[in-house]
Amino acid sequence: MSSRHTSKHWVRFVGESGIVNIPQKIPSNTCIIYDFDCTLTVQHMYKALRIGRRAEMEANPKAFFELMFGGAERITPLQNMINYFYQLKVRQYIISFGVESEIEMALQSVGLFDKFTGIYGSESYSIMGVSSATQNPKQDLLSIISQKNKDISHILFIDDDRDNFPESGEPIKFQHYSHKTLQTNLFIYPAGKRKDGNGLSISDMQEITSFVQPIQEKKQTSEET
C-alpha cells in the first residue's frame with residue numbers, strides 16, 4: 001500500500017458522523033480545473049512534440065491535434081461537456097506543466113480555447129507565486145485560484161497524475177476535501193485508469209457532467225412555475 005503524503009492546503013472532509021460523505025451532485029457555482037496532457041487529451045502532447053513529432057504538427061496541425069484529442073468520436077463529447085459547463089457560466093481552468101502556447105493552439109483547433117477562464121502552463125507557476133521548490137505545485141496553484149475566486153465554494157479538479165491530488169495512492173472519484181483556511185470544498189476526479197493513460201473516457205465525461213448540476217437554476221424554475 002502506498003504511503004500517503006499530506007497536503008499543506010487540503011484535508012480530507014469528514015462529516016459529523018465521522019464518515020466521509022461523497023455527494024451525488026454539487027452546484028453549478030463550481031470552478032472546474034483540468035489537467036491537459038492525458039486528461040483532456042488521449043496522448044501526452046508535450047512529450048510528443050519533443051520526440052520528433054513537431055514536424056507532423058507543423059505540416060498538418062488540424063490532423064495532429066485531432067489525433068491528440070482522440071479523433072472525432074471523442075472530440076464531440078469533449079466539446080459537449082466543456083460547452084455545457086460554459087453555458088452554465090461555470091469557470092473552467094487548465095493547469096498543466098506543459099507550454100501554454102501549445103495548449104492554446106490545440107484548444108483553438110477544436111473550438112474550445114475561448115471556453116476557459118484561464119490556462120496555466122509551466123510559465124505561470126512562478127508568476128502566480130508558486131515556488132519551484134514546492135512539493136506539489138498544482139496544489140499550491142489550486143489554493144491560489146481558490147483565493148482569487150472567493151465566491152466559488154466548490155472546485156472539481158480533474159487530473160490523470162494521482163500525485164497531484166492531496167493524498168497519494170489510488171484516489172476515490174469525487175473524494176471530498178476542505179481547505180485548511182478558506183471556505184472552499186475540493187473534489188477530485190482521476191482521469192483514465194493510470195497516469196499518462198488515455199485521458200477522460202466518454203463515460204467519464206458523462207459522469208462529470210451529471211455531478212455538476214444547475215441546482216440553483218432548477219430551483220428558480222420550480223419557483224416560477
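**Exercise 1.** What percentage of the 225 residues of the protein chain count as buried?

*Solution.* The structure is a predicted model, in which local features need pLDDT of at least 70, side-chain atom pairs count only at pLDDT 80 or more, and totals for chains, interfaces and linings use all residues. Residues are numbered from 1 along each chain as its sequence is written, and side-chain values use heavy atoms, without hydrogens and water. Buried means under 20% relative accessible area (1.4 Å probe, protein chains only). By that cut-off, 52% of the residues are buried.

**Exercise 2.** Find how the axes of helix α4 (residues 72-87) and helix α8 (residues 202-211) cross, and which residues meet.

*Solution.* Helices are DSSP runs of H or I with at least four residues. Step one: the two axes, lines fitted to C-alpha atoms over the stretch in contact, come within 10 Å and cross at roughly 10 degrees. Step two: angles under 35 degrees count as roughly parallel, so α4 is roughly parallel to α8. Step three: with contact taken as heavy atoms within 4.5 Å, α4 residues including M81, Y84 and F85 meet I202, M205, I208 and T209 of α8. Step four: the contact comprises eight nonpolar, one polar and two charged residues.

**Exercise 3.** Place strand β3 (residues 92-95) among its partners.

*Solution.* Strands are DSSP runs of E with at least two residues, and two of them pair if DSSP finds at least two bridges between them. Strand β2 (residues 30-34) pairs with β3 in the parallel sense over three bridges; here Y34 has I94 as its bridge partner. Strand β4 (residues 118-120) also pairs with β3 in the parallel sense, over three bridges, and its I119 stands opposite I94. Finally, Q92 and I94 point one way from β3, Y93 and I95 the other way, and all are buried.

Technical notes: Buried means under 20% relative accessible area, exposed over 50%, partly exposed in between (1.4 Å probe, protein chains only). Axes are lines fitted to C-alpha atoms, for helices over the stretch in contact, and angles run from 0 to 180 degrees between N-to-C directions. Angles under 35 degrees count as roughly parallel, over 145 as roughly antiparallel, 65 to 115 as roughly perpendicular and the rest as oblique. Ala, Val, Leu, Ile, Met, Phe, Trp, Tyr, Cys and Pro count as nonpolar, Asp, Glu, Lys and Arg as charged, and the others, Gly among them, as polar.
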